[in-house]
Amino acid sequence: MSDSSPLLDQELYFAHLQASSLGLPLRLFPSLDSTNQYLLEQADRGAPEGMLAVAEEQTAGRGRNRRLWHSPPGKNLYFSLLLWPKVPPVCLPQLAMLTALALRQAILRQAPSVPLQLKWPNDLWLGERKLSGILCECPPEPRGNTRGIVLGVGLNVNAQKEDFPPELRETATSLLWHQGRPFSRERLLAEFCNALEPLYRQWCSADSLAPFLPQWRENDLLARRPFAVERPRGRVEGILLGYTDQGLMLMKTPQGVELISAGDVHVRPLPHD
Ligand code: BTN
(Lines give C-alpha, C1' and ligand atoms only; values in the text may rest on other atoms or scores of the structure.)
Protein backbone atom coordinates (compact mmCIF):
# COMPACT_ATOMS: atom_id res chain seq x y z
CA MET A 1 0.00 0.00 0.00
CA SER A 2 1.25 3.50 -0.75
CA ASP A 3 1.51 5.84 2.26
CA SER A 4 -0.55 8.49 0.50
CA SER A 5 -3.73 6.37 0.23
CA PRO A 6 -5.98 6.82 3.27
CA LEU A 7 -7.14 3.52 4.73
CA LEU A 8 -10.83 2.86 4.87
CA ASP A 9 -12.27 4.30 8.09
CA GLN A 10 -14.27 1.58 9.90
CA GLU A 11 -15.91 4.08 12.27
CA LEU A 12 -17.20 6.10 9.34
CA TYR A 13 -18.49 2.94 7.66
CA PHE A 14 -20.40 1.93 10.79
CA ALA A 15 -21.72 5.48 11.19
CA HIS A 16 -23.43 5.15 7.80
CA LEU A 17 -24.52 1.52 8.15
CA GLN A 18 -28.24 1.18 8.82
CA ALA A 19 -28.65 -2.40 7.63
CA SER A 20 -29.08 -4.77 10.55
CA SER A 21 -28.17 -8.08 8.97
CA LEU A 22 -25.87 -7.29 6.04
CA GLY A 23 -22.42 -5.71 6.15
CA LEU A 24 -21.33 -7.16 9.44
CA PRO A 25 -19.13 -8.62 10.71
CA LEU A 26 -16.66 -6.51 8.74
CA ARG A 27 -13.26 -7.91 7.76
CA LEU A 28 -10.95 -5.18 6.47
CA PHE A 29 -7.56 -6.00 4.90
CA PRO A 30 -4.74 -3.78 3.61
CA SER A 31 -4.10 -6.42 0.94
CA LEU A 32 -5.65 -9.73 -0.09
CA ASP A 33 -5.37 -11.98 -3.10
CA SER A 34 -9.13 -11.80 -3.64
CA THR A 35 -11.99 -10.87 -1.31
CA ASN A 36 -14.13 -13.51 -3.05
CA GLN A 37 -11.52 -16.18 -2.34
CA TYR A 38 -11.28 -15.09 1.29
CA LEU A 39 -15.05 -15.30 1.83
CA LEU A 40 -15.36 -18.62 0.00
CA GLU A 41 -12.85 -20.02 2.51
CA GLN A 42 -14.66 -18.37 5.44
CA ALA A 43 -17.97 -19.81 4.22
CA ASP A 44 -16.43 -23.28 4.42
CA ARG A 45 -15.58 -22.54 8.06
CA GLY A 46 -19.17 -21.58 8.86
CA ALA A 47 -19.02 -17.78 8.46
CA PRO A 48 -22.42 -16.11 8.94
CA GLU A 49 -24.73 -14.43 6.47
CA GLY A 50 -23.89 -10.76 6.09
CA MET A 51 -20.12 -11.04 6.57
CA LEU A 52 -18.37 -8.38 4.48
CA ALA A 53 -14.75 -8.63 3.37
CA VAL A 54 -13.07 -5.50 2.03
CA ALA A 55 -9.51 -5.12 0.73
CA GLU A 56 -7.61 -1.92 0.03
CA GLU A 57 -5.92 -3.79 -2.80
CA GLN A 58 -6.17 -7.23 -4.38
CA THR A 59 -3.17 -9.04 -5.76
CA ALA A 60 -5.26 -11.56 -7.70
CA GLY A 61 -8.67 -9.90 -8.02
CA ARG A 62 -10.92 -12.12 -10.07
CA GLY A 63 -13.15 -10.96 -12.90
CA ARG A 64 -15.64 -12.97 -14.92
CA ASN A 65 -14.41 -15.59 -17.37
CA ARG A 66 -11.04 -15.95 -15.62
CA ARG A 67 -10.09 -12.34 -16.28
CA LEU A 68 -8.15 -10.34 -13.70
CA TRP A 69 -9.80 -7.42 -11.93
CA HIS A 70 -7.37 -4.50 -11.84
CA SER A 71 -7.25 -3.63 -8.12
CA PRO A 72 -4.80 -0.80 -7.32
CA PRO A 73 -4.55 0.24 -3.65
CA GLY A 74 -6.54 2.70 -1.65
CA LYS A 75 -8.77 4.41 -4.22
CA ASN A 76 -11.52 2.01 -5.21
CA LEU A 77 -13.74 -0.53 -3.52
CA TYR A 78 -13.12 -4.28 -3.70
CA PHE A 79 -15.50 -6.18 -1.48
CA SER A 80 -17.45 -9.40 -1.07
CA LEU A 81 -20.59 -10.19 0.88
CA LEU A 82 -21.61 -13.66 2.04
CA LEU A 83 -25.26 -14.76 1.89
CA TRP A 84 -27.04 -18.01 2.78
CA PRO A 85 -30.41 -17.50 1.09
CA LYS A 86 -33.06 -20.12 1.72
CA VAL A 87 -34.09 -20.40 -1.92
CA PRO A 88 -33.69 -23.14 -4.54
CA PRO A 89 -30.04 -23.09 -5.74
CA VAL A 90 -31.20 -22.52 -9.32
CA CYS A 91 -32.28 -19.01 -8.22
CA LEU A 92 -28.85 -17.94 -6.97
CA PRO A 93 -27.58 -16.38 -10.24
CA GLN A 94 -30.43 -13.85 -9.95
CA LEU A 95 -28.52 -12.23 -7.12
CA ALA A 96 -26.05 -10.71 -9.60
CA MET A 97 -28.80 -8.48 -11.01
CA LEU A 98 -30.02 -7.63 -7.51
CA THR A 99 -26.47 -6.64 -6.53
CA ALA A 100 -26.20 -4.30 -9.51
CA LEU A 101 -29.52 -2.68 -8.59
CA ALA A 102 -28.40 -2.14 -4.98
CA LEU A 103 -25.07 -0.71 -6.08
CA ARG A 104 -26.83 1.74 -8.37
CA GLN A 105 -29.10 2.86 -5.53
CA ALA A 106 -26.11 3.25 -3.20
CA ILE A 107 -24.27 5.54 -5.62
CA LEU A 108 -27.37 7.63 -6.31
CA ARG A 109 -27.74 8.30 -2.57
CA GLN A 110 -24.41 10.15 -2.74
CA ALA A 111 -24.93 11.68 -6.19
CA PRO A 112 -28.57 11.63 -7.34
CA SER A 113 -27.98 12.70 -10.95
CA VAL A 114 -25.16 10.35 -11.98
CA PRO A 115 -26.21 8.67 -15.28
CA LEU A 116 -25.77 5.06 -14.18
CA GLN A 117 -26.90 2.21 -16.39
CA LEU A 118 -27.30 -1.48 -15.76
CA LYS A 119 -25.72 -3.93 -18.17
CA TRP A 120 -27.02 -7.47 -18.04
CA PRO A 121 -26.18 -9.62 -16.24
CA ASN A 122 -24.03 -7.83 -13.70
CA ASP A 123 -22.24 -4.63 -14.65
CA LEU A 124 -22.82 -1.01 -13.83
CA TRP A 125 -21.90 1.51 -16.51
CA LEU A 126 -21.46 5.26 -16.36
CA GLY A 127 -21.55 7.35 -19.51
CA GLU A 128 -20.86 4.44 -21.90
CA ARG A 129 -17.97 3.06 -19.81
CA LYS A 130 -17.73 0.30 -17.26
CA LEU A 131 -17.78 1.55 -13.67
CA SER A 132 -18.25 -1.66 -11.74
CA GLY A 133 -18.20 -5.42 -12.17
CA ILE A 134 -19.85 -8.11 -10.08
CA LEU A 135 -18.72 -11.70 -9.69
CA CYS A 136 -20.93 -14.13 -7.78
CA GLU A 137 -19.38 -17.41 -6.65
CA CYS A 138 -20.78 -20.25 -4.57
CA PRO A 139 -18.90 -22.04 -1.78
CA PRO A 140 -18.61 -25.72 -2.74
CA GLU A 141 -20.24 -27.07 0.43
CA PRO A 142 -23.88 -26.35 1.30
CA ARG A 143 -24.86 -25.70 4.91
CA GLY A 144 -27.57 -28.26 5.56
CA ASN A 145 -29.97 -27.71 2.67
CA THR A 146 -28.80 -24.17 2.00
CA ARG A 147 -26.28 -23.15 -0.62
CA GLY A 148 -24.24 -20.05 0.09
CA ILE A 149 -23.21 -17.35 -2.32
CA VAL A 150 -20.47 -14.73 -2.32
CA LEU A 151 -21.33 -11.44 -4.05
CA GLY A 152 -18.06 -9.85 -5.18
CA VAL A 153 -18.04 -6.20 -6.25
CA GLY A 154 -15.32 -4.09 -7.79
CA LEU A 155 -16.31 -0.41 -7.97
CA ASN A 156 -14.03 2.25 -9.42
CA VAL A 157 -14.45 5.12 -6.98
CA ASN A 158 -11.58 7.59 -6.73
CA ALA A 159 -9.16 6.23 -9.32
CA GLN A 160 -7.81 8.83 -11.74
CA LYS A 161 -7.39 8.14 -15.44
CA GLU A 162 -3.64 7.50 -14.85
CA ASP A 163 -4.47 4.81 -12.27
CA PHE A 164 -5.98 2.61 -14.99
CA PRO A 165 -3.71 0.55 -17.22
CA PRO A 166 -3.57 1.97 -20.78
CA GLU A 167 -5.73 -0.85 -22.17
CA LEU A 168 -8.65 0.15 -19.90
CA ARG A 169 -8.49 3.93 -20.40
CA GLU A 170 -10.94 3.92 -23.32
CA THR A 171 -13.48 1.56 -21.78
CA ALA A 172 -13.47 2.03 -17.98
CA THR A 173 -14.25 4.97 -15.73
CA SER A 174 -14.50 5.89 -12.05
CA LEU A 175 -16.87 8.10 -10.11
CA LEU A 176 -14.13 10.68 -9.60
CA TRP A 177 -13.03 10.60 -13.22
CA HIS A 178 -16.60 11.13 -14.47
CA GLN A 179 -17.89 13.51 -11.78
CA GLY A 180 -14.70 15.46 -11.07
CA ARG A 181 -14.90 15.04 -7.29
CA PRO A 182 -13.98 12.32 -4.79
CA PHE A 183 -16.59 10.04 -3.22
CA SER A 184 -16.66 8.56 0.28
CA ARG A 185 -15.82 4.88 -0.05
CA GLU A 186 -17.07 4.21 3.48
CA ARG A 187 -20.46 5.71 2.74
CA LEU A 188 -20.75 3.88 -0.60
CA LEU A 189 -20.00 0.59 1.11
CA ALA A 190 -22.51 1.19 3.89
CA GLU A 191 -25.16 2.46 1.48
CA PHE A 192 -24.70 -0.67 -0.63
CA CYS A 193 -25.57 -2.84 2.38
CA ASN A 194 -28.43 -0.48 3.30
CA ALA A 195 -29.83 -0.71 -0.23
CA LEU A 196 -29.34 -4.44 -0.66
CA GLU A 197 -30.97 -5.49 2.62
CA PRO A 198 -34.61 -4.68 1.72
CA LEU A 199 -34.15 -5.87 -1.87
CA TYR A 200 -32.71 -9.15 -0.61
CA ARG A 201 -35.55 -9.70 1.89
CA GLN A 202 -38.13 -9.04 -0.82
CA TRP A 203 -36.33 -11.30 -3.28
CA CYS A 204 -36.11 -14.15 -0.74
CA SER A 205 -39.87 -14.11 -0.30
CA ALA A 206 -40.67 -13.56 -3.99
CA ASP A 207 -38.25 -16.24 -5.22
CA SER A 208 -38.05 -14.25 -8.46
CA LEU A 209 -36.80 -11.02 -10.01
CA ALA A 210 -40.28 -9.97 -11.15
CA PRO A 211 -40.65 -7.11 -8.60
CA PHE A 212 -37.31 -5.62 -9.69
CA LEU A 213 -37.52 -5.80 -13.47
CA PRO A 214 -39.32 -2.44 -13.96
CA GLN A 215 -36.43 -0.69 -12.18
CA TRP A 216 -33.92 -2.61 -14.31
CA ARG A 217 -35.72 -1.74 -17.55
CA GLU A 218 -35.75 1.98 -16.76
CA ASN A 219 -31.97 2.02 -16.54
CA ASP A 220 -31.00 -0.65 -19.04
CA LEU A 221 -27.87 0.01 -21.13
CA LEU A 222 -29.00 -2.59 -23.68
CA ALA A 223 -32.40 -1.07 -24.43
CA ARG A 224 -32.91 0.34 -27.92
CA ARG A 225 -29.47 -0.54 -29.32
CA PRO A 226 -27.98 -3.55 -31.09
CA PHE A 227 -25.50 -5.68 -29.20
CA ALA A 228 -23.70 -9.01 -29.35
CA VAL A 229 -23.42 -11.83 -26.82
CA GLU A 230 -20.45 -14.21 -26.67
CA ARG A 231 -21.83 -17.47 -25.37
CA PRO A 232 -19.96 -20.71 -24.72
CA ARG A 233 -21.67 -22.03 -27.90
CA GLY A 234 -20.97 -19.01 -30.09
CA ARG A 235 -21.62 -15.35 -30.79
CA VAL A 236 -25.07 -14.01 -31.46
CA GLU A 237 -26.16 -10.48 -32.46
CA GLY A 238 -29.50 -8.79 -32.02
CA ILE A 239 -31.65 -6.52 -29.88
CA LEU A 240 -33.23 -6.85 -26.48
CA LEU A 241 -36.76 -8.16 -26.06
CA GLY A 242 -36.71 -8.35 -22.26
CA TYR A 243 -35.94 -10.58 -19.30
CA THR A 244 -37.68 -13.50 -17.68
CA ASP A 245 -38.60 -13.40 -13.99
CA GLN A 246 -35.57 -15.67 -13.47
CA GLY A 247 -33.21 -13.10 -15.00
CA LEU A 248 -32.62 -14.79 -18.36
CA MET A 249 -32.37 -12.48 -21.34
CA LEU A 250 -34.69 -12.66 -24.34
CA MET A 251 -33.01 -11.48 -27.50
CA LYS A 252 -34.33 -10.99 -31.03
CA THR A 253 -31.75 -12.21 -33.52
CA PRO A 254 -31.80 -12.80 -37.30
CA GLN A 255 -32.19 -16.51 -36.46
CA GLY A 256 -35.21 -15.95 -34.20
CA VAL A 257 -35.78 -15.36 -30.49
CA GLU A 258 -32.98 -16.61 -28.23
CA LEU A 259 -33.10 -17.19 -24.48
CA ILE A 260 -29.68 -16.32 -23.04
CA SER A 261 -28.67 -17.57 -19.60
CA ALA A 262 -25.02 -16.44 -19.56
CA GLY A 263 -22.50 -14.70 -21.76
CA ASP A 264 -20.34 -11.65 -22.31
CA VAL A 265 -22.33 -8.79 -23.78
CA HIS A 266 -20.65 -6.32 -26.16
CA VAL A 267 -22.14 -2.97 -27.11
CA ARG A 268 -20.79 -0.53 -29.67
CA PRO A 269 -20.08 2.91 -28.19
CA LEU A 270 -22.77 5.44 -28.99
CA PRO A 271 -21.53 8.45 -30.97
CA HIS A 272 -20.77 11.72 -29.14
CA ASP A 273 -19.94 10.25 -25.72
C1 BTN B 1 -16.22 -8.57 -13.78
O2 BTN B 1 -15.46 -9.27 -14.48
O3 BTN B 1 -16.80 -7.61 -14.28
C4 BTN B 1 -16.41 -8.90 -12.34
C5 BTN B 1 -15.37 -8.28 -11.47
C6 BTN B 1 -15.53 -8.56 -9.99
C7 BTN B 1 -14.39 -8.01 -9.19
C8 BTN B 1 -14.62 -8.08 -7.70
S9 BTN B 1 -13.44 -7.14 -6.79
C10 BTN B 1 -13.99 -7.84 -5.31
C11 BTN B 1 -14.31 -9.29 -5.57
N12 BTN B 1 -13.13 -10.12 -5.37
C13 BTN B 1 -12.67 -10.62 -6.52
O14 BTN B 1 -11.66 -11.33 -6.64
N15 BTN B 1 -13.48 -10.27 -7.53
C16 BTN B 1 -14.59 -9.47 -7.08
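Student: How many bridges join strand 6 to strand 7, and how do these strands run?

Tutor: Six bridges join strand 6 to strand 7, and the two run antiparallel. Two strands are taken to pair if DSSP finds at least two bridges between them. The strands themselves are DSSP runs (E, at least two residues), as are helices (H or I, at least four residues), and both are numbered from the N terminus. Within strand 7, valine 150 stands opposite glutamate 137.

Student: On what kind of model do these statements rest?

Tutor: This is a predicted model, in which local features need pLDDT of at least 70 and side-chain atom pairs count only at pLDDT 80 or more, while totals for chains, interfaces and linings use all residues. Residues are numbered from 1 along each chain as its sequence is written, and side-chain values use heavy atoms, with hydrogens and water left out.

Student: In what order do the seven strands of the open sheet lie, and what is the pairing?

Tutor: The order is 1-2-3-7-6-5-4, and the pairing is mixed. Strand 1 (26–29) and strand 4 (116–119) are the edge strands, each pairing on one side only. Angles between strands are taken from axes, which are lines fitted to C-alpha atoms (for helices over the stretch in contact), and run from 0 to 180 degrees between N-to-C directions. On average, neighbouring strands of this sheet are turned by 20° against each other, direction ignored.

Student: What is the order of the open sheet of five strands?

Tutor: Its order is 11-10-9-8-12, with antiparallel pairing. Its edge strands, strand 11 (256–260) and strand 12 (264–267), each pair on one side only. Here neighbouring strands are turned by 45° against each other on average, direction ignored. Strand 8 (residues 227–231) and strand 12 run antiparallel and are joined by four bridges. Glutamate 230 has aspartate 264, in strand 12, as its bridge partner.

Student: How many residues surround the ligand, and which are the closest?

Tutor: A residue is counted as near a molecule if one of its heavy atoms lies within 4 Å of it. By this rule 19 residues surround the ligand, the closest being Ser34, Gln58, Arg62, Arg64 and Lys130. Helix 2 (35–44), strand 3 (77–83), strand 6 (129–137) and strand 7 (149–155) each supply at least two residues of the shell. Strand 6 gives the most, with four residues.

Student: Which polar side-chain atom lies 3.0 Å from a nitrogen atom of the ligand?

Tutor: That atom belongs to threonine 35. Glutamine 58 has a side-chain N or O atom 2.9 Å from a nitrogen atom of the ligand. For asparagine 36, a backbone N or O atom lies 3.4 Å from a nitrogen atom of the ligand. Taken alone the ligand exposes 410 Å², of which the protein buries 99%; such accessible areas come from the Shrake-Rupley method with a 1.4 Å probe.

Student: Where are the cis peptide bonds next to proline 25 and proline 121?

Tutor: In a cis peptide bond, omega is near 0°, as in the bond from leucine 24 to proline 25. Proline 25 lies in the loop between helix 1 (10–16) and strand 1. The bond from tryptophan 120 to proline 121 is also cis, with omega near 0°. Proline 121 has its place in the loop between strand 4 and strand 5 (123–126).

Student: Which residue has a positive phi although it is not a glycine?

Tutor: Asparagine 65 does, with a phi of about 50°. Asparagine 65 is found in the loop between strand 2 (52–55) and strand 3.

Technical notes: A polar contact is a pair of N or O atoms within 3.5 Å; within protein, one must be able to donate a hydrogen and the other to accept it, and residues adjacent in sequence count only if both atoms are side-chain atoms.
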